[in-house]
Amino acid sequence: MDYDFSEDVAKIWPALLFIGGFVAVVGGLLFVLDILPRWGKGKERLHMFGFLGPALILLAIGLVYPLIRTVTLSFYNNTRGKFVGLDNYTWIVTNDDTLIMLRNTLFWVVCVPLLATAFGLIYAVLVDKARGEGIAKSLIFMPMAISLVGATIIWKFIYAFREADQEQIGLLNQILVWLGMEPQQFLTSSPSNTFYMIVMMIWIQAGFAMVILSAAIKAIPAEIVEAARLDGASPWQMFWRVTMPSIRPAVVVVTITITIATLKVFDIVRTSTNGNFKSSVLAFEMYNQAFRLSDDPNGEGRGAALAVVLFLLVVPVVVYQARQLRKRAEIR
Amino acid sequence: MATVTYSKASRIYPGTPRPAVDQLNLEIGDGEFLVLVGPSGCGKSTSLRMLAGLEDVDAGDILINDRNVTHLPPKARDIAMVFQNYALYPHMTVYENMAFALKLRKTPKHEIDRRVKEAAAMLQLEDYLGRKPKALSGGQRQRVAMGRAIVREPQVFLMDEPLSNLDAKLRVQTRSQIATLQAKLGITTVYVTHDQVEAMTMGHRVAVLLDGVLQQVDSPRALYDRPANVFVAGFMGSPAMNIKTVPLSDKGGRFGDVTLPLTREQLTAAQADGGGNRVTVGFRPEDTDLVGPNDGGIPITVDLVEELGSDAYVHGTVALEGQDERFVVRADPRRTPRLTEIVYVRPHVNTHHAFNAATGLRI
């Protein structure tokens with residue numbers, strides 16, 4: 001080995017120092033809290049601030065300040081620029097490209113949660129108590145383990161296009177050729193390209209939906225299912241009148257979780273089309289405006305405005321989910 | 001209105017060598033209340049679930065009204081079941097729970113309404129029809145489960161330990177309610193319990209199971225007075241019968257210096273089937289007298305006295321053949337012996353039970 005590690009070691013020192021410092025601060029804080037106030041009322045309050053304080057400070061640095069900064073920036077044209085009022089927001093709802101982007105986002109948010117949950121649910125019901133259930137479930141769950149970028153590259157090969165006179169390397173186009181049809185450019189023709197990307201997201205999220213819903217189905221007490229069988233329920237009636245009402249909370253949580261993930265989708269668009277061919281979505285456009293087009297004098301402000309819109313869309317969904325979780329906790 | 005017949009019905013769980021239910025033969029008459037009783041793991045619940053169609057029948061047949069239902073799905077058997085934990089549908093109200101089966105059968109609305117209201121009146125549930133199960137007490141849930149079975153007006157009721165989740169007082173109360181209700185409706189009922197008191201008080205007939213094998217089926221009285229084997233003798237009755245295996249003399253079973261007489265036929269039967277020179281003799285705690293030292297009683301050193309108000313039970317030991325043997329006898333609660341005192345126990349004449357020491361069968 002002729003590689004010189006000495007420089008790397010020198011680079012590691014600051015990191016080690018940082019970790020050591022963190023441990024020392026937290027440990028010191030806990031130690032002080034433990035020995036200091038052995039008296040009276042103030043103790044609990046001091047403990048509360050002692051434990052919550054560091055987390056609150058980090059939240060303020062990492063979340064609250066950027067939020068305020070982003071909202072402010074969304075009323076300016078760029079970081080050094082002038083106040084433009086609501087111009088950035090007006091641009092979002094009037095510009096042709098952003099309108100297409102918003103329409104695409106709507107397609108994503110409607111299709112992915114509904115279809116992924118539906119597929120996951122149907123699959124969970126079908127494999128429940130079947131032979132080889134574990135393997136069947138692993139197969140569907142595995143896409144969850146792949147990064148979105150990796151998954152997109154896999155699908156890009158499936159959608160790959162070659163001219164009709166060449167040999168096809170994409171699975172889908174080869175099938176079309178076998179069927180005697182013309183090969184298609186799946187990812188370049190709008191608006192269908194959005195749906196081909198939506199398929200990728202469903203492929204990934206259906207596994208998640210399936211695992212959660214399968215667990216919910218298994219949590220239904222066996223006696224209730226048996227009672228329904230004795231009451232004369234057909235499999236169809238069993239599903240709609242016993243299974244579905246019992247797993248409704250899980251279905252809601254799964255749908256909402258996928259909705260949030262879909263609102264924030266970025267990797268698939270970035271890797272598939274780079275936002276070209278009218279396939280952009282909200283999260284991608286935010287990045288695109290703020291960082292890639294930063295030579296555009298209005299880019300940073302518009303990116304910030306898009307970020308605020310995304311935030312406003314996600315917040316109510318998160319609030320609803322938190323409420324649902326609390327409601328479930330109360331029932332138990 | 002129906003009869004139920006188990007004909008050599010067996011259930012063998014995959015991967016287990018011993019059948020959970022082994023060639024069960026049982027005839028249940030129309031309108032009869034039959035109780036399946038036994039210790040846990042004896043196959044009583046499995047037998048019931050085989051009748052319900054929730055458990056496969058691996059061999060033999062099950063007939064309802066002479067119709068072979070062995071391989072029919074549960075819904076084709078026209079039976080209703082009450083589960084131990086009630087298995088109410090948590091998302092439905094009491095009314096919807098009771099109406100569910102009828103709704104699935106497309107029974108006319110006014111008919112459903114009439115039957116549910118009728119059952120609710122019978123079970124004092126009228127005020128709770130709009131509630132969800134989680135807003136009910138244990139006793140109310142139990143009644144809803146009963147109501148759900150009643151509105152079906154099925155051929156057969158099945159009940160799987162329906163009282164075991166209730167507290168002691170409510171259990172006794174509900175016990176008599178179920179018995180009364182069954183008598184009123186006249187629907188053939190199979191009832192599973194591990195509690196021999198429930199079995200004795202509720203059943204027209206009681207079937208005792210052990211290790212998947214039917215031991216005896218008879219009226220509670222006959223079961224108590226003439227247990228077919230040592231297991232039934234020890235299982236039915238509380239406190240349990242005093243059962244000891246003792247040396248055989250030419251007069252009977254010898255408890256030290258005391259001999260419990262056996263007939264000539266019993267003596268012969270005791271020696272047959274590998275019984276040898278020993279015999280198993282049992283007598284119930286209430287079939288005894290405490291007598292004076294010279295009246296031919298078994299001397300017992302008292303180590304515990306249980307006062308129940310109406311009765312007192314005296315527990316004690318005696319050394320027989322070098323081993324301490326325990327006995328329980330009933331005593332007058334106003335004249336109980338002191339601890340460590342020696343009392344003399346004399347079983348009533350001809351109330352003791354004798355069993356072959358090797359086979360355990362009644363002789």
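What distance separates the centres of domain 1 of chain B and domain 2 of chain B, taken over C-alpha atoms? In this predicted model, the two centres lie 39 Å apart. Domain 1 of chain B covers residues 4-231, and domain 2 covers 239-356.

Chain B as a whole gives the setting for that separation. Its C-alpha trace spans about 80 × 45 × 35 Å along the principal axes. The secondary structure of chain B consists of 9 helices and 20 strands. Of its 363 residues, 43% count as buried. Contacts in chain B can also be sorted by their separation in sequence: among those between residues at least 6 apart, 66% join residues at least 24 apart.

One sheet of chain B can be followed strand by strand. It is an open sheet of 5 strands, in the order β15-β19-β16-β17-β18, with antiparallel pairing. Its edge strands are β15 (288-291) and β18 (323-331) of chain B, each of which pairs on one side only. From one strand to the next, the twist averages 45 degrees. At the β18 end of the order, strand β17 (residues 312-320) of chain B runs antiparallel to β18(B) and is joined to that strand by 9 bridges. Within this pair, Gly316(B) has Phe327(B) in β18(B) as its bridge partner.

The nonpolar interior comes next. In soluble globular proteins, nonpolar side chains tend to be buried together. Here the largest nonpolar core has 108 residues. The residues with the most contacts inside this core are Val35(B), Met81(B), Leu158(B), Val190(B) and Ala207(B). Helix α2(B) gives the most to the core, with 7 residues. Around Ala207(B), leaving aside neighbours within four places in sequence, the contacts are Leu26(B), Leu34(B), Val35(B), Leu36(B), Leu214(B) and Val217(B). Val35(B) thus appears both among these contacts of Ala207(B) and among the residues with the most contacts inside the core. Apart from the largest core lies another, of 50 residues, with Leu73(A), Met197(A), Ala209(A) and Leu306(A) among them.

The contact between the chains takes 16 residues from chain B and 14 residues from chain A. On the side of chain B that touches chain A, β6 (79-82) and α2 (94-104) of chain B each supply at least two residues. That side of chain B divides into 12 nonpolar, 2 polar and 2 charged residues. Helix α2 of chain B therefore has a part in two settings: the side that touches chain A and the largest nonpolar core.

Technical notes: Residues numbered from 1 in each chain as written. Chains lettered and ligands numbered in written order. Predicted model: local features only at pLDDT ≥ 70, side-chain atom pairs only at ≥ 80, totals over all residues. Pairing = 2+ DSSP bridges. Helix = DSSP H or I, 4+ residues; strand = E, 2+ residues; numbered from the N terminus. Axes fitted to C-alpha atoms, helices over the stretch in contact; angles between N-to-C directions. Contact = placed C-beta atoms within 7 Å. Nonpolar A, V, L, I, M, F, W, Y, C, P; charged D, E, K, R; others polar. Buried ≥ 20, exposed ≤ 12 C-beta atoms within 10 Å, placed from the backbone. Domains from an automatic or database assignment. Core = buried A, V, L, I, M, F, W, Y, C linked by C-beta atoms within 7 Å.
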